[in-house]
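Let's take a look at the empty spaces in this protein. Here comes the model.

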Amino acid sequence: MELQCNMTRITNRRSALVIEWVKHKQKKILADLGEINKKNCKWKRHERFVRKEIKIHSSLQHHNIVKLLGVIEDSNCIWLVLELCSNGSVDDYMEALGRPFSEAVAHNILRQVIDGVMYLQDKLIIHRDLSLKNILLTEDMQAKIADFGLSTDLEQPDETKQTMVGTANYMPPEMALRTRHGLKVDCWSLGCMLYTMLDGSRPSITRHAWPCSTMCW
């Protein structure tokens, strides 16, 4: 899904760009841009994960998942052109609010995220990093799942993986303990997100629960 376009950064927005589509009669839209530096010393180690992220994300079409509008690549960088979610992440929105969400607001956001997760499970995709930082809000407060950098796909519904990745406070026990895990791990993260939205703090994890000193941050 490569694009030919000119990009003009909007200086008063952190990441929004005006994208001028050469292939579409120079139609201009607002979009977010995710930049990946191929000159970074870790690029060789991370390239296969980036390629897999693009492969998985480009296959997704759901109203509660951030759209990957296209990919621009040159010898130095890869840019992911993403649907603009102008209200930022749920985590940032709640921090700016200065208090937890009401039950009604939390229910509305969680319901939308669950719709997105059910779509992913139908396609045998595990996100593996569901957190409030990876749920973005559009201008009209539509919730969308973002960041598929740690996601993986399965061949069969009962297939399992054993990679420990994700955000510690949202990580299910089977993943933290490096045991095999499948589609259900995203369901644990949903519960952690609901707790955080209603309480205002992330679920606490202690060394007595599992060896968090070995977690990937």
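The residues lining the second largest pocket split into 10 nonpolar, 9 polar and 7 charged. Keep in mind that this is a predicted model. In total, 26 residues line that pocket, and the space inside comes to about 580 Å³.

Which residues lie nearest the centre of the second largest pocket? They are His46, Phe49, Gly149, Leu150 and Val165. As for the elements around the second largest pocket, β3 (27–37) and α1 (43–58) are the ones that give two or more residues to its lining. Of these, α1 gives the most, with 8 residues.

Now for the closed space. The structure has 1 cavity of 30 Å³ or more. The largest cavity has a volume of about 60 Å³, and 13 residues line it. Nearest its centre you'll find Arg128, Asp129, Tyr170, Pro172 and Ser189. Which helix supplies the largest share of this cavity's lining? That's α5 (residues 185–199), which brings 3 residues. By class, the lining of the largest cavity holds 7 nonpolar, 3 polar and 3 charged residues.

Here are the two linings by class:

| Space | Nonpolar | Polar | Charged |
|---|---|---|---|
| Second largest pocket | 10 residues | 9 residues | 7 residues |
| Largest cavity | 7 residues | 3 residues | 3 residues |

So where should you start looking in the viewer? For the pocket, try His46 and Phe49, two of the residues nearest its centre. For the cavity, try Tyr170 and Ser189, which are among those nearest its centre.

Methods: Residues numbered from 1 in each chain as written. Predicted model: local features only at pLDDT ≥ 70, side-chain atom pairs only at ≥ 80, totals over all residues. Heavy atoms only, no water. 1 Å grid on protein atoms, 1.4 Å probe; cavity = no way out; pocket = protein on both sides within 12 Å on 5 of 7 lines; lining within 4 Å. Points joined across faces, edges and corners; volume = space filled by probe spheres on them. Helix = DSSP H or I, 4+ residues; strand = E, 2+ residues; numbered from the N terminus. Nonpolar A, V, L, I, M, F, W, Y, C, P; charged D, E, K, R; others polar.
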